[in-house]
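User: Please pick out one part of this model and take me through it closely. I'd like a connected account of how its pieces fit together, with the cut-offs spelled out as you go.

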Amino acid sequence: MHRLYQDALSKFALLKSIGIEPHEGQRTVLAAPERFKVVVAGTRFGKSHLGGQWATCWLFEAHPPTRGWIVGPTYEDGEFEFRYLWDWLVSPGKLRFKRANYNAKGGDMQLVTDWGSELTVKSAEHPKGLGGEELDYVIMAEAGTTNKRIWERSVYGRLSNRQGEALITGTPRGSDYYIELFNNGQGAKPDWKSWRFPTGANPYFPREEIETAKRNLTPEMYDEQFEGRFAQFEGLVYKEFNREKHVGEPLLVRQNGKIVSFKQIIAGVDWGYTNPCAIVVMGIDGDDNVVVLDEWYHTEQSQAQKVAAAKALRDKWEVSHFYCDPESPDDIAAFMRSGLKASQGITEVRRGIEIVRQKLRKEADGKKGFVMSARCVNGKREFGAYMYAMSRTGAKKEDKFTGDQHFLDALRYALTSVDRSRRITVRTSG
Ligand SMILES: Nc1ncnc2c1ncn2[C@@H]1O[C@H](COP(=O)(O)OP(=O)(O)OP(=O)(O)O)[C@@H](O)[C@H]1O
Ligand SMILES: [Mg+2]
């Protein structure tokens, strides 16, 4: 559908005409073509301002007129975005409205332009009000504090008919679904894009306040509130995992065509049919540092297809051994029959997690204990969303998990199986 104010340049021009200049971070988001945009940012980054900017562009659309919502955990949360619109468009009389209601306490905040484009503030506390309408766009404000149900049950479906768009914003306060949505936008799903911005990306925010906050807050709280990082998040299993630090293109050294960077190259295998089957290839160097080279991650694959995939990985990466989930002896036997070196891997969960965490933490002589190739998109996604389940009282359960764990299990089987830290060392007396 042709829309007048939906390409980047016309958005910027329209906003400029009413005196608004999005800052660089905001411009990046406004210009992105993806349908679902997730912004995780520090406090005062300009999230509400951005929501106001985006909604302004939609309100000006007239052929046909548009309909949108701002959904907050409460009406007061959605009011921040709404107040910007009020100050920019209603108070100065920039636009003619058929209806312009502003009553936050009564839950009545709505704008309807002369040509019928309308915007309404909704509250997750009043799910009854979230029924019925087809939407062109929705702003989920303070998304970290609303729950998955609201997004999945009450909002997402409203966007389907008109192929509507969503702008999902908040500070990284830990609700697991918000991390999941963020991860969707990091390559896991095509229609999604996500960004993480620090408070300092807002040029209108005083620099010295950031320094003051750094001195006054705990590092975790500073990371969450001013850097926009999900640092505080208790439930994450691999808290140490950091995309900037652990994802990159590994440099491989070859001699006569053979990879010589590692003392061994192995793979872990997590079987699955309805769930994905994951094969994860990694190199281990002389200091036991791990470099994840490749992943194969597919649902509904026959045994023959899994064998073929493993052979292709073996040939490509010189994989010497496949450590497999013992759950499926039949598949392991098929690997062996076809000439692959394969055996049951060690599946002890706690020990395996601890081994992976040690690698993530390790940094010695300028070398990282763990690096993963950026081609492992499922690995990146799983690392960011694998969590301990919470009991109803909010306590962490040590042996129950949420989030996908196919890549992560495959990785764990292989690393636990070759871990030397617990092997008995034979001493010779002398
Ligand atoms: N493009 C802009 N032009 C001028 N001022 C801006 C712009 N973006 C943000 N600001 C200013 O920066 C401050 C923070 O903006 P805003 O309230 O939108 O941040 P926020 O990220 O929603 O904050 P919070 O974490 O408190 O919800 C406000 O004073 C706002 O007016
Ligand atoms: Mg805000």
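Analyst:
**The sheet that holds E1 and E8**

Let's start with E1 and E8, two strands that run parallel and are joined by 6 bridges. One of those pairings puts Val39 opposite Trp195 in E8. Strands here are DSSP runs of E with at least two residues, helices are runs of H or I with at least four, and both are numbered from the N terminus. Two strands count as paired if DSSP finds at least two bridges between them.

Before going on, a word on the ground rules: this is a predicted model, where local features need pLDDT of at least 70 and side-chain atom pairs count only at pLDDT 80 or more, while totals for chains, interfaces and linings use all residues. Residues are numbered from 1 along each chain as its sequence is written, with chains lettered from A and ligands numbered from 1 in the order in which they are written.

Zooming out a little, E1 and E8 sit at one end of an open sheet of 8 strands with mixed pairing, in the order E3-E4-E5-E2-E6-E7-E1-E8. Its edge strands are E3 (97-103) and E8, each of which pairs on one side only. On average, neighbouring strands of this sheet are turned by 15 degrees against each other, direction ignored. (The axes behind such angles are lines fitted to C-alpha atoms, for helices over the stretch in contact, and angles run from 0 to 180 degrees between N-to-C directions.)

Edge strand or not, 5 of the 6 residues of E8 are buried, so E8 is largely enclosed by the rest of the structure. Buried means 20 or more other C-beta atoms within 10 Å of the residue's own, exposed means 12 or fewer, and partly exposed is in between, with C-beta atoms placed from the backbone. Strand E5 (118-123) has 5 of its 6 residues buried too, so E5 is likewise largely enclosed by the rest of the structure.

Now for the company E5 keeps. On one side there's E2 (67-72), parallel to E5 over 6 bridges, with Gly72 opposite Ser123. E4 (108-113) runs antiparallel to E5, joined by 3 bridges, and Leu111 has Leu119 of E5 as its bridge partner. E4 and E5 make a hairpin with 4 residues between them, and Gly116 in the turn has a positive phi of about 100 degrees. Carrying on along the sheet, E2 also runs parallel to E6 (137-140) through 4 bridges, and there Ile70 faces Ile139.

Next, the helices. H3 (47-60) lies across E1, E2, E4, E5, E6 and E7 (165-170), running at about 165 degrees to E7. H2 (24-31) has Gly25, Gln26 and Val29 buried. Seen down the axis of H2, these buried residues fall within an arc of 95 degrees, so they line one face of the helix; the arc is that of the directions from the helix axis to the C-beta atoms. That face packs against E1 (36-41), H3 and E8 (192-197), where contact means C-beta atoms, placed from the backbone, within 7 Å.

H3 brings us to ligand 1, since this helix gives the most to the shell around the ligand, with 3 residues. In total 17 residues surround ligand 1, and the closest are Thr43, Gly46, Lys47, Ser48 and His49; the cut-off is a C-beta atom, placed from the backbone, within 6 Å. The shell splits into 6 nonpolar, 8 polar and 3 charged residues. Here Ala, Val, Leu, Ile, Met, Phe, Trp, Tyr, Cys and Pro are nonpolar, Asp, Glu, Lys and Arg are charged, and the others, Gly among them, are polar.

One last stop is Val90, in helix H4 (75-90). Val90 is partly exposed, with 15 other C-beta atoms within 10 Å. Leaving aside neighbours within four places in sequence, Val90 touches Phe97 and Ala100.

For context, the protein chain has 14 helices and 20 strands, and buried residues make up 42% of its 430 residues. Its C-alpha trace spans about 90 × 50 × 50 Å along the principal axes.

Definitions and conventions
Contact = placed C-beta atoms within 7 Å.
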